[in-house]
Amino acid sequence: MRNQTEKILVELADLCYQANRKKILNSIHLKITKGDVLVITGPSGCGKTTLAKFISGELKPDNGELRYAENIKIEMVSQQDHFVTDSGLRTSYYGQRYENLNAEGIPTVASYFEKVVSQFQKVQLHEIARDLEIQSLLDRKILSLSNGERKRIQLAVALLNFPDLIILDQPFVGLDLHFREILAQIITRLKLKEVTFILVSDPSHIPDFADTVLELNQGNIVRLEARDQYNSTGNSELKQWDFPSNEIEPIPYSQTSDFQVIVGMKNLNVSFSGKLILRDINWEVKSGELWLLYGHNGAGKTTLLSLITADNPQGYTNDLVLFDRKRGSGESIWDIKRKIGFVSPELHLYFLRRKSIYQPAPGTQMSYNSLNCTDVVLSGLNDEIGFNTSRSEQNLRLAKHWLQRLNMYHLEKLPFLHCSLGEQRIMLLARALIKNPDLLILDEPCQGLDPFQTERFIKLLNLICRSGKTTMIYVTHRAEEIPSCITHNLELENGKIKNCGIYK
């Protein structure tokens, strides 16, 4: 921990905040000094992101003081970007990004930088683009980027504004190993120039280059110490859940479909703005197979999944079979989605964020703030958002079953948008699981979860896959998040198949 006589950039004194009659932060005292790298950590829902938003100035406390050094410039890189709003799209429908990729109004990455960077200079952009390896993305439409590519654009915007303090909320989430190393190098280099960093991170991914670790639990600071003294498995308040194998009751929902080929692709190609994103893809997923889909950021994984979920219109122009039926032979988007349980960072990004909604319940006038966690989980039964899904006793038992299995039943009546981002991701996982779908697509499902939520979910997933007829496509950049139930793997590299076969 740095000497506190050094220049203090931000000071928090007895900061308190509550929402919905619940204390989020309680009596926070903290000094952030110039050139320090501070990591804020703790379990999901403990107040990490809220504290970061106070430091950035985005939120104002109920009580206490926030004092800033004169003329300080702060940039915060949030977990979720605002590219949809910046592109002028009003819909929250996930597939809209693929339908509008060639629209004139959607900015390129280069024009996006010119729009959002306060004092834009091409020389500086060239240097930062080189460091973040985004030169090849500058002419791409901003909405065509993958999750990891979007994260790098967010980072570039922050760096181009040359702030004194950079706040990064879960900065390594969504980045593959190569780009996690690049980001670590950039932070280390800027640290030598006395740029100050605050990183929000889960306890298992605290970088070695950090100076100080602040651990929160239920809105309270439980530990504040030097990085080399911090051990998340020591006297930490974090507790691991018991998860005996007999905890999972039989899934109270039967699967009756009997498909042979879940996904079939022959010589499939996808291009945007004249650039090939996927090339000559030949892939077949049979019923009961459990696939790991992996590859570097920008390899084409998200685009491949968009074809399977029927969100990408280029599925009609390719030789694509979904659930034993050729794409474009009369089935609707919702016929396909009915058979799929799906969660991804992009789905979460678009979920309840704009004026339109996925599949509104007929005749309903509803406010997003009125949707509680049970409503969101139930909406997975009919792939809708609204109140059209029956709240029958059977459906409520289903929702309760999955919320209990994911240790989230205590949030059943809490408004979805009042949950932490990590808690929201768990609700979307329950939403994907509730209908026991013919195909489960889990794209970075553990993103934003703390280590114990991650461990619990992977154990649950292994039990589900081994006890039923589940077919699954699972995406992750982290080896420790790969379930042991995986049977096959597909690796993409630059839009082509690099490896495909039995998982070893």
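Let's start with strand S13 (residues 319–322), which has two quite distinct faces: Leu320 and Leu322 sit on the covered one, while Asp319 and Val321 sit on the uncovered one. The pattern fits a general rule, because in a regular strand the side chains alternate between the two faces of the sheet. Keep in mind as we go that this is a predicted model.

Who are the partners of S13? On one hand there is strand S10 (residues 261–272), which pairs with S13 in the antiparallel sense over four bridges. If you want to find this pairing on screen, look for Gly264, which stands opposite Val321 in S13. On the other hand there is strand S14 (residues 325–326), joined to S13 by two bridges and also running antiparallel to S13. Here the pair to look for is Leu322 and Arg325, with Arg325 belonging to S14. S13 and S14 make a hairpin with two residues between the strands, and in that hairpin Phe323 takes a positive phi near 55°.

That phi value is worth a pause. Most residues other than glycine have a negative phi. Besides Phe323, you can look up Asn71, which has a positive phi of about 60° although it is not a glycine. Asn71 lies in the loop between strand S4 (63–68) and S5. Glu444 is not a glycine either, and its phi is positive at about 50°. You'll find Glu444 in the loop between strand S16 (439–443) and H14. Are these two residues buried or exposed? Asn71 has a relative accessible area of 70%, so it counts as exposed. Glu444 has a relative accessible area of 7%, so it counts as buried.

Now step back to the whole chain. It has 14 helices and 19 strands. Of its 504 residues, 58% are buried. And how do the contacts spread along the sequence? Take the contacts between residues at least 6 apart in sequence: 70% of them join residues at least 24 apart.

Next, pick out the open sheet built from six strands, in the order S5-S6-S7-S3-S8-S9, with mixed pairing. Its edges are strand S5 (74–77) and strand S9 (220–226), each of which pairs on one side only. On average, neighbouring strands in this sheet are turned by 15° against each other, ignoring direction. For a closer look, go to strand S6 (residues 165–169) and strand S7 (residues 196–200), which pair in the parallel sense over five bridges. Leu165 has Thr196 in S7 as its bridge partner.

A helix belongs to this part of the picture too. H6 lies across S5 and S6, and it runs at about 180° to S5. H6 also has a helix for company, and that brings us to helix packing. Two packed helices are described by the angle between their axes and the distance between the axes. For helix H4 (residues 109–116) and helix H6 (residues 147–160), the axes come within 11 Å and cross at roughly 40°. That angle makes H4 oblique to H6. The crossing of H4 past H6 is right-handed. On the H4 side, the contact is made by Val109, Tyr112, Phe113 and Val116, and on the H6 side by Ile153, Ala156, Val157 and Leu160. Sorted by class, that contact has eight nonpolar residues, no polar ones and no charged ones.

Set beside this another pair, helix H12 (residues 393–405) and helix H14 (residues 451–467), whose axes are 10 Å apart and at an angle of about 125°. This makes H12 oblique to H14. Trp402, Gln404 and Arg405 in H12 meet Arg456, Leu460 and Ile464 in H14. What classes do the residues of this contact fall into? Three are nonpolar, one is polar and two are charged.

Our last stop is helix H8 (residues 301–308), which is mostly covered, with eight of its eight residues buried. The buried residues include Leu304, Leu305, Leu307 and Ile308, and also Lys301. Right after H8 comes Ala310, and here you meet a positive phi again, near 70°.

Key
Residues are numbered from 1 along each chain as its sequence is written. This is a predicted model: local features need pLDDT of at least 70, side-chain atom pairs count only at pLDDT 80 or more; totals for chains, interfaces and linings use all residues. Side-chain values use heavy atoms; hydrogens and water are left out. Axes are lines fitted to C-alpha atoms, for helices over the stretch in contact, and angles run from 0 to 180 degrees between N-to-C directions. Angles under 35 degrees count as roughly parallel, over 145 as roughly antiparallel, 65 to 115 as roughly perpendicular and the rest as oblique. A crossing is left-handed if the near helix is turned anticlockwise from the far one by less than a right angle, and right-handed if clockwise. Contact means heavy atoms within 4.5 Å. Ala, Val, Leu, Ile, Met, Phe, Trp, Tyr, Cys and Pro count as nonpolar, Asp, Glu, Lys and Arg as charged, and the others, Gly among them, as polar. Two strands pair if DSSP finds at least two bridges between them. Buried means under 20% relative accessible area, exposed over 50%, partly exposed in between (1.4 Å probe, protein chains only).
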